[in-house]
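The following exercises practise the reading of a protein model. Each consists of a task and a solution in steps.

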Amino acid sequence: MASRVVLVEADGGSRGNPGPAGYGAVVRDPETGEVLAERSESIGVTTNNVAEYRGLIAGLEAAAELGATEVDARMDSKLVVEQMSGRWQIKNAGLRPLAAQAAQLVARFAAVRFSWIPRERNRHADALANAAMDAAAGAPARPVVDPPRIVEPPRTVAADEPAARDRAREVADRAATKRATGADATTAPASWEPRPSLTATRLLLVRHGETEFTEQGRYSGRGDVALSARGREQVAATARRVAALAPGAVAVVSSPLSRCTATAGAIADALGGRPVRRDDDLIECDFGAWEGRTFAEVRDGWPGELDAWLASTAVAPPQGESFVEVAERARRAVAALCEAYPRETVVVVSHVSPIKLMLRDALAADDAFLHRLYLDAAGISVVDLWPDGGVAVRSVNDTAHLAGIA
């Protein structure tokens with residue numbers, strides 16, 4: 001792979017320390033000074049140092065998304081530069097998870113070099129951070145100014161040599177807090193502090209685009225109903241959204257039904273031609289005698305059976321499959337994905353029932369959750385899963401990308 005070097009400038013701060021906080025990060029071409037990416041976010045009430053680490057993490061993530069192999073990281077925070085260089089201890093327990101996350105990112109590049117720079121040479125990232133702090137405090141946003149290009153010798157933290165890369169990993173090991181292990185989400189160690197996402201398997205759970213059955217309010221299970229014209233529009237928008245959210249996704253896994261494989265194929269193409277792998281465990285619930293019938297028809301024809309089905313996940317539609325059975329194979333699919341793709345991002349294209357059951361388990365919810373959660377066609381949910389059973393649900397039913405579709 002060809003080497004690509006980028007310059008990351010990052011900053012963060014708070015009004016009051018702690019106070020309303022935010023960060024800013026800029027990724028530049030080191031030769032021309034061209035801005036390749038900007039990141040800025042208000043992060044509530046926290047300290048200057050937390051915000052500075054968050055700015056560094058955002059900048060490194062943006063560099064990774066751009067395909068950089070080497071990074072010159074420059075900040076006006078002496079503390080972050082020295083700690084990430086391994087020269088200063090991380091005594092503040094609140095910073096250790098952030099330092100661990102940053103060090104995990106560092107280890108993904110062939111080389112990362114850290115440099116301290118004066119604040120006046122970090123004006124762009126500083127302006128982004130101040131705008132985010134203003135937003136957190138409810139103040140009017142300030143104009144962002146472009147600083148002069150900065151060229152100075154950086155410090156190497158992770159280089160091509162194995163010993164240097166090992167030192168970067170040691171920073172992560174020192175920064176990471178010790179956690180007990182758990183077999184599943186219910187036995188995983190409880191914690192309020194954020195966990196480094198790079199140690200998790202991230203699943204992007206995508207419901208397929210609309211079909212005629214979706215629009216007509218019909219039970220759509222094992223029948224192979226194709227995408228409608230509107231569904232194909234939704235799929236195109238979803239593919240672009242997934243490519244923006246997870247450009248580094250390593251795999252696309254799909255239910256074998258065509259409404260899912262068509263959705264998965266568009267996403268795979270948007271990700272640069274990833275192969276689509278089919279998994280029968282991701283198929284929709286078998287609705288048996290209710291397949292293809294409208295909700296009203298089922299209510300009129302099977303009132304007792306419908307009430308029993310709605311009352312218990314152990315009850316199946318006539319000649320169909322219960323949600324208990326669907327949940328069993330959904331869990332099997334998730335476990336297989338975590339085993340096959342540790343610390344990677346995977347796109348999973350499936351149906352309403354399997355995705356609802358995955359989210360129910362991820363949130364440790366009861367069965368009432370299944371009737372209270374609405375999942376749109378082509379909606380996206382994001383879940384992180386750690387080897388010790390830890391889970392973080394990052395978004396549910398994201399449909400912002402569908403706003404322009406009539």
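**Exercise 1. A pair of parallel strands**

Which residue in strand 10 is the bridge partner of A251?

*Solution.* The model is a predicted one. Step 1: strand 8 comprises residues 251-254 and strand 10 comprises residues 345-350. Step 2: the two strands run parallel and are joined by four bridges. Step 3: the partner of A251 in strand 10 is V346.

**Exercise 2. The sheet and its edges**

State the order of the strands in the open sheet, and explain why strand 9 and strand 12 each have one side without a neighbour in the sheet.

*Solution.* Step 1: the open sheet is formed by six strands, and their order is 9-8-10-7-11-12. Step 2: the pairing is mixed. Step 3: strand 9 (276-278) and strand 12 (391-398) are at the edges and have a single partner strand each, so one side of each remains without a neighbour in the sheet. Step 4: from one strand to the next, the twist averages 20°.

**Exercise 3. A hairpin**

Describe how strand 11 and strand 12 are connected and paired.

*Solution.* Step 1: strand 11 and strand 12 run antiparallel, and five bridges join them. Step 2: L385 stands opposite V391 of strand 12. Step 3: the two strands form a hairpin, with five residues between them. Step 4: G389, in the turn, has a positive phi of about 100°.

**Exercise 4. A helix across the sheet**

Which strands does helix 12 lie across, and how is helix 12 placed against helix 11?

*Solution.* Step 1: helix 12 (residues 352-362) lies across strand 7 (201-207), strand 10, strand 11 (380-385) and strand 12. Step 2: helix 12 runs at about 145° to strand 7. Step 3: the axes of helix 11 (residues 323-340) and helix 12 cross at roughly 75° and come within 9 Å. Step 4: helix 11 is therefore roughly perpendicular to helix 12. Step 5: F323, V326, A327, A330, R331 and V334 of helix 11 make the contact with S353, P354, L357, M358, R360 and D361 of helix 12. Step 6: the residues of this contact divide into eight nonpolar, one polar and three charged.

**Exercise 5. Two further helix pairs**

Describe the packing of helix 7 with helix 8 and that of helix 1 with helix 3.

*Solution.* Two packed helices are described by the angle between their axes and the distance between the axes.

Step 1: helix 7 (residues 229-245) and helix 8 (residues 258-270) have axes 8 Å apart and pack at an angle of about 45°. Helix 7 is therefore oblique to helix 8. Step 2: their crossing is right-handed. Step 3: V235, T238, A239, V242 and A243 of helix 7 make the contact with A262, T263, A266, I267 and A270 of helix 8. The residues of this contact divide into eight nonpolar, two polar and no charged.

Step 4: the axes of helix 1 (residues 48-65) and helix 3 (residues 96-106) cross at roughly 20° and come within 10 Å, so helix 1 is roughly parallel to helix 3. Step 5: the crossing of helix 1 and helix 3 is left-handed. Step 6: in helix 1 the residues V50, Y53, R54, L56, I57, L60 and E61 meet L98, A99, Q101, A102, L105 and V106 in helix 3. Of the residues of this contact, 10 are nonpolar, one is polar and two are charged.

**Exercise 6. Backbone geometry in two loops**

Where is P18 found, and where is A364 found?

*Solution.* Most residues other than glycine have a negative phi, and most peptide bonds are trans. Step 1: P18 is in the loop between strand 1 (5-14) and strand 2 (19-28). Step 2: the peptide bond from N17 to P18 is cis, with omega near 5°. Step 3: A364 is in the loop between helix 12 and helix 13 (368-372). Step 4: although A364 is not a glycine, it has a positive phi of about 50°.

**Exercise 7. Confidence**

What is the mean pLDDT of the chain, and where is the pLDDT below 50?

*Solution.* Step 1: the chain has a mean pLDDT of 86, and 86% of its residues reach 70 or more. Step 2: the pLDDT is below 50 over residues 141-165, a stretch with 73 contacts in the model beyond near neighbours in sequence. Step 3: over residues 174-187 the pLDDT also stays under 50, and the model has 28 contacts for them beyond four places in sequence.

Key: Residues numbered from 1 in each chain as written. Predicted model: local features only at pLDDT ≥ 70, side-chain atom pairs only at ≥ 80, totals over all residues. Heavy atoms only, no water. pLDDT = per-residue confidence, 0-100. Contact = heavy atoms within 4.5 Å. Axes fitted to C-alpha atoms, helices over the stretch in contact; angles between N-to-C directions. Parallel < 35°, antiparallel > 145°, perpendicular 65-115°, else oblique. Left-handed = near helix turned anticlockwise from the far one by under 90°. Nonpolar A, V, L, I, M, F, W, Y, C, P; charged D, E, K, R; others polar. Pairing = 2+ DSSP bridges.
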